[in-house]
Amino acid sequence: MTPTDSSWYDAEVLRVADETPCTKTFTFRLPHPVRHLPGQHYELRLTAPDGYQAARLYSASSAATGDDTVQLTIAHIVDGEVSPYLHHHVKVGDRVELRGPLGRSFVWNPADAAPVLLLAGGVGVSPFRAMLQAHKQAGSKATMRLLWSCRGKEEIIFGDELLGSPAVTVTLTRNWPPDWPGETGRITADVVMRLLGMYPGRVMCYVCGMTSFVEAAGALLLAAGVMPAYIRAERFGS
């Protein structure tokens, strides 16, 4: 039976995949079918032997397929309480506590026919990978494009899956190899206007990343004439 959003349950670690030197994707088996909407998140809780508990929220980086597995892609935060333990100690076969799916304000519904523009900074691409997967699974006719800003090629996650998609544009902001085929430099007003110009009519925009990225990208969308009601944002960190 699927629990309520607020109930905790044990989840088994099925796989740990290194995405970048500081990012891992954890695949968990839940005790029930996974039915989250793309954009929803889960809360993960760790309990120390002395009873101390620490919990953090992580967006699902995989679309729900009706089976019992979900992926959470987690960046290592040096001074964090949860991510260092996950990165250095959690292994296949371990169990952690999860609850969710949680959140309704940042979801994309595969039944929505409105065109979508996704703006991601770094690991903020995680919920957008779930949206792109759900878009494909549903056979959606809605136009969906992703503009993804990373500091360098070494920070690109899901590279084999996302880089080959014509719906995905990656821009590297700090360093890039001489043969880099994508965009370079920070996301600018011109880039945003060019992408918005590819859509007819209203565009639903989603923005996810560090607070500084979300604020800058949101300002560019507003300056480009996107109404606040058509911008959904999710931020993390300082």
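# Briefing: pocket, cores and selected residues

The lining of the largest pocket divides by class into 19 nonpolar, 18 polar and eight charged residues. The structure is a predicted model. The pocket holds about 1400 Å³ of space. The largest nonpolar core has 26 residues, and a second, separate core has 21.

**Largest pocket**

- The lining consists of 45 residues. Those nearest the centre of the pocket are Gly-121, Val-123, Gly-209, Met-210 and Phe-236.
- Seven elements are listed as giving at least two lining residues each: the strands β4 (53-59), β5 (69-75), β8, β11 and β12 (231-236), and the helices α2 and α5 (211-223).
- Helix α5 makes the greatest contribution to the lining, with five residues.
- Rolling a probe the size of a water molecule over the atoms shows where empty space is left.

**Nonpolar cores**

- In the largest core, the residues with the most contacts inside it are Leu-118, Val-125, Phe-128, Leu-146, Trp-148 and Tyr-206.
- Two or more residues of this core come from each of β7 (116-121), α2 (126-138), β8 (144-150), β9 (168-172) and β11 (204-210).
- Beyond its neighbours within four places in sequence, Trp-148 touches Ala-120, Gly-122, Val-125, Ile-156, Ile-157, Leu-162, Thr-169, Val-170 and Thr-171.
- The second core, which is separate, includes Ala-11, Val-13, Phe-26 and Tyr-58.
- In soluble globular proteins, nonpolar side chains tend to be buried together.

**Helix α2**

- Most of α2 is covered, with 10 of its 13 residues buried. The buried residues are Ser-126, Pro-127, Phe-128, Arg-129, Ala-130, Met-131, Leu-132, Gln-133, Ala-134 and His-135.
- The 13 residues of α2 should span 18 Å at 1.5 Å a residue, and the 19 Å between its end C-alpha atoms agrees with this.
- Gly-139 follows α2 and has a positive phi, near 65°.

**Helix α5 and the loop after it**

- For the 13 residues of α5, a rise of 1.5 Å a residue predicts a span of 18 Å; the end C-alpha atoms are 18 Å apart, in agreement.
- Thr-211, Phe-213, Val-214, Ala-217, Gly-218, Leu-220 and Leu-221 are the buried residues of α5. They pack against the strands β7, β8, β11 and β12 and the helix α4 (189-196).
- An α-helix has 3.6 residues a turn, so residues three or four places apart point the same way.
- Ala-224 lies in the loop between α5 and β12. Its relative accessibility is 21%, so Ala-224 counts as partly exposed, the cut-off for buried being under 20%.
- Sequence neighbours within four places aside, Ala-224 is in contact with Val-192, Met-193 and Leu-196.
- Ala-224 and Asp-79 are 145 residues apart in sequence, and their C-alpha atoms are 37 Å apart in space.
- Gly-225, just after α5, has a positive phi of about 100°.

**Ser-83 and His-41**

- Ser-83 belongs to helix α1 (residues 83-89) and counts as buried because its relative accessibility is 4%.
- Outside its neighbours within four places in sequence, Ser-83 contacts Tyr-58, Ile-74, Ala-75, His-76 and Ile-77.
- Although Ser-83 and Thr-23 are 60 residues apart along the chain, their C-alpha atoms are separated by 9.6 Å.
- His-41 belongs to strand β3 (residues 41-47). With 14% relative accessibility, His-41 also counts as buried.
- Leaving out neighbours within four places in sequence, His-41 contacts Leu-57, Tyr-58, Ser-59, Ala-60, Gly-100, Pro-101, Leu-102, Gly-103 and Glu-234.

**Backbone geometry to check**

- Most residues other than glycine have a negative phi, and most peptide bonds are trans.
- The peptide bond from Gly-100 to Pro-101 is cis, with omega near 15°. Pro-101 is part of strand β6 (residues 95-102), and both Gly-100 and Pro-101 are among the contacts of His-41.
- Phe-158 is a residue other than glycine with a positive phi, near 55°. Phe-158 sits in the loop between β8 and α3 (159-162) and, at 5% relative accessibility, counts as buried.

Technical notes. Residues are numbered from 1 along each chain as its sequence is written. This is a predicted model: local features need pLDDT of at least 70, side-chain atom pairs count only at pLDDT 80 or more; totals for chains, interfaces and linings use all residues. Side-chain values use heavy atoms; hydrogens and water are left out. A nonpolar core is a set of buried Ala, Val, Leu, Ile, Met, Phe, Trp, Tyr and Cys residues joined through side-chain atoms within 4.5 Å. Buried means under 20% relative accessible area, exposed over 50%, partly exposed in between (1.4 Å probe, protein chains only). Helices (H or I, at least four residues) and strands (E, at least two) are DSSP runs, numbered from the N terminus. Contact means heavy atoms within 4.5 Å. On a 1 Å grid over the protein atoms alone, a cavity is a set of points where a 1.4 Å probe fits but cannot get out, and a pocket is an open set with protein on both sides within 12 Å along at least five of seven lines; lining residues have an atom within 4 Å of a point. Grid points are joined across faces, edges and corners, and a volume is the space filled by probe spheres set on the points. Ala, Val, Leu, Ile, Met, Phe, Trp, Tyr, Cys and Pro count as nonpolar, Asp, Glu, Lys and Arg as charged, and the others, Gly among them, as polar. The expected span of a helix is 1.5 Å times one less than its number of residues.
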